[in-house]
Amino acid sequence: MEKKRQFFTTPIYYVNAKPHLGHAYTSIAADVATRFKQMDGHDTYFLTGTDEHGDKIVQAAQKEKTSPKAYADKISQLFKDLLPLLHIQNNHFIRTTDPDHIKVVEAILTKIHDSGDIYFSSYEGIYCFGCERFYQERELVDGKCPDHGVAPQAIKESNYFFKMSKYQDWLIDHIKTHPDFIRPDQYKNELLSFLKEPLEDLCISRPKSRLTWGITLPFDQEYVTYVWFDALVNYISALGYPDGALYQNFWPTSRHFVAKDIIKPHGIYWPIMLKAAGLDIYDGLNVHGFWNVKGSKMSKSIGNVTDPVEVTREFGPDPFRYFLMREMVFGLDANFTEDAIVSRINSDLANDLGNLFSRVLSMNHRYFNGRVAGADAALDQQYSLESDGAKAIDGFKEAMAICEFHKGLISIWTFISTMNKYIDTQEPWSLAKDESKNSALATVLYNLMEGLRVISCLIYPVMPATSLKMQKALCLDIPNKGFFGLDQIFPWSQIQKGTCLGAPEILFPRIDTKNQAEKTLVKKEKPFKPPLKEEIGLDDFLKIDLRAGIILSAERIQDANKLLKLMVDIGAQTRQVIAGIGKDYPPEDLVGKQVIVVANLKEAQIMGETSQGMILVGSHKKQMILTGFDKDLFPGNQVK
Ligand code: MSP
């Protein structure tokens, strides 16, 4: 049977400014959809790139006292460099200045001109130089361009026009008879209502006296083609139209990802261009809304243009991808704030998923020395999480197939929450105290590990690096392609009994907002420096055995609200440590945290509790600040 195929594209971005959050979103959404299709057994092709001709680029280049090509090279490279940083796996990066692209634009123009659908005429109208296009009076707001806020100028010139009006009825019919052509429905309705008015023919050229940075019309050397006739053609030139195998294989399966700002060119001009040139119409458009930042449209003057490189450096690519996919309902606008991303990372990632992962692996290390004990067949029915796992997969598949990414993630997180509640009700620590409950303990842990296996597969499209990290720790035999097919996730019970699992890792370090705020405070105030202690020799220092540890549980000690009782995994042993950090850290924030433990300190009694070691903290005034590592270590690793 022939393999299913899928071609996804992003818009090709203008190179008049460096990439921002909005560009990153579309590219990530298309990458997530591509990875999902790969899991669903498709051969995929994913295209992105840059749109490099036009007045705006010439003006931006002039400002920097450089040539349009040199300027385009520089900015295009920024878009290219962003892709690996965001874990985006594109197959090709097209630039409209590529010679192969230019040839295809010329061929399409010639074809449509020869068939009589491009004509020459003089035109008088109002033109916005910022948008590089003519406006209709009815499109203006208070007589001004809605995007640039300036009144367009009246100009008269002769130009080439594309007979779009001829295809209006055909297009309406195509949209109505192909229900998936434009997704979500609100944008289909928007286009259909626009098409109720007669379509104007499209001006497709600019005289060279006004603009030279473009592709010359093959049938008139005095003109260059206007923006859209150049840009839209990238989707087929990149596939090697007309004869390339990629074009033959992938064009019939093409879906374009765009935001609502460019639905007219994509939903009207492009299908009509394809129809007029006698080519197959693309399969569909996925249209999303706009990201605002702190409640306003991104703009240089407000100073809220968000740089995806900075966000990724601060929070990491997987959390950034998760936030964007979880927070925006595909099709609607969404709001970006630092508080919102921090809160998603702390609650959904660090608390819900991260804690679940480290708790389960830690318990397996503690109770079974890291070896999978396996479920007891007689008890399996009673403790099984299988049907919850199956529900998560179904919900995920259904939502992801129609770009409802937030719903796909909600389906996974419902399962994560079921698993966290399952731990609280089954209380593995209580089962561990009673030897006769050993099989029950093994069965509970086995189901939790299977649940983690399912989750590790499902998060792949959105968080590929975390998926791999989890799968390595669960010792799954990761396929060459780095992901498991949707049909490989079930059956349940794939983890082999006896497997020795990896150490519990911190998947997502918690972002300590309080400490961050106080870090600034520390900088401003003159720090209090206690006098240095008496010198010691290296021999004395080397007597201290410092180890990496991971906190498995934390609870308050009655009548001593500063003191916490911590269970800390230090590799070979689990230690009970009494630590005076209860004022600065609520116990629930500590589970899963990595700490430095003084492992050879003599046992001591504190408030009637045994303390088998000490954890290292920094102190500012009376505040305790935990020390840790900037990369994950295994419990028990030496600290030198
Ligand atoms: N060059 C044209 C597209 C030609 S495609 C054949 C263009 N370029 S653009 O640089 O302006 O990119 C527009 C696209 O960037 C939007 O459709 C969307 O994909 C993305 N975004 C730009 N700003 C955005 C937001 N504020 N929010 C979400 N995405 C937005 O138009």
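Which loop holds proline 491? Keep that question in mind while we walk through this predicted model.

**Start with the whole chain.** Show the protein chain as a cartoon and you will find 21 helices and 25 strands. Its C-alpha trace spans about 95 × 65 × 40 Å along the principal axes. Of the 640 residues, 52% are buried. Now think about contacts between residues at least 6 apart in sequence: 74% of them join residues at least 24 apart.

**Colour the domains.** Give one colour each to domain 1 (5-288), domain 2 (337-514) and domain 3 (538-639). The C-alpha centres of domain 1 and domain 3 lie 58 Å apart.

**Select residues 185-194 and 263-276.** These are helix H6 and helix H10, which pack with their axes 11 Å apart at an angle of about 60 degrees. That angle is why H6 counts as oblique to H10. The crossing of H6 past H10 is right-handed. To see who touches whom, show the side chains of Tyr187, Glu190, Leu191 and Phe194 on H6, then add Ile263, Lys264, Gly267 and Ile268 on H10. Five residues of this contact are nonpolar, one is polar and two are charged.

**Step back to proline 184.** You will find proline 184 in the loop between strand E7 (182-183) and H6. Look at the peptide bond that joins arginine 183 to proline 184: this bond is cis, with omega about -10 degrees.

**Jump to proline 491.** Here is the answer to our opening question: proline 491 lies in the loop between H19 and helix H20 (513-524). A cis peptide bond links phenylalanine 490 to proline 491, and omega is about 10 degrees.

**Stay in the loop between H19 and H20.** Select cysteine 475, which is also found there. Cysteine 475 is not a glycine, yet its phi is positive, near 55 degrees. With a relative accessible area of 37%, cysteine 475 is partly exposed.

**Now pick proline 461.** This residue sits in the loop between helix H18 (438-458) and helix H19 (464-473). Is proline 461 buried or exposed? Proline 461 is buried, because its relative accessible area is 0%. Beyond its sequence neighbours, its contacts include Val32, Phe36, Arg321 and Met400. Try a distance label to alanine 29: 432 residues away in sequence, but 9.6 Å away in space, C-alpha to C-alpha.

**Finish at aspartate 559.** Aspartate 559 lies in the loop between strand E17 (546-557) and strand E18 (560-569). Its phi is positive too, near 65 degrees. Aspartate 559 is exposed, with a relative accessible area of 78%.

How values were computed: Residues numbered from 1 in each chain as written. Predicted model: local features only at pLDDT ≥ 70, side-chain atom pairs only at ≥ 80, totals over all residues. Heavy atoms only, no water. Axes fitted to C-alpha atoms, helices over the stretch in contact; angles between N-to-C directions. Helix = DSSP H or I, 4+ residues; strand = E, 2+ residues; numbered from the N terminus. Parallel < 35°, antiparallel > 145°, perpendicular 65-115°, else oblique. Left-handed = near helix turned anticlockwise from the far one by under 90°. Contact = heavy atoms within 4.5 Å. Nonpolar A, V, L, I, M, F, W, Y, C, P; charged D, E, K, R; others polar. Domains from an automatic or database assignment. Buried < 20%, exposed > 50% of the residue type's maximum accessible area, 1.4 Å probe, protein only. Lists of a residue's contacts leave out its neighbours within four places in sequence.
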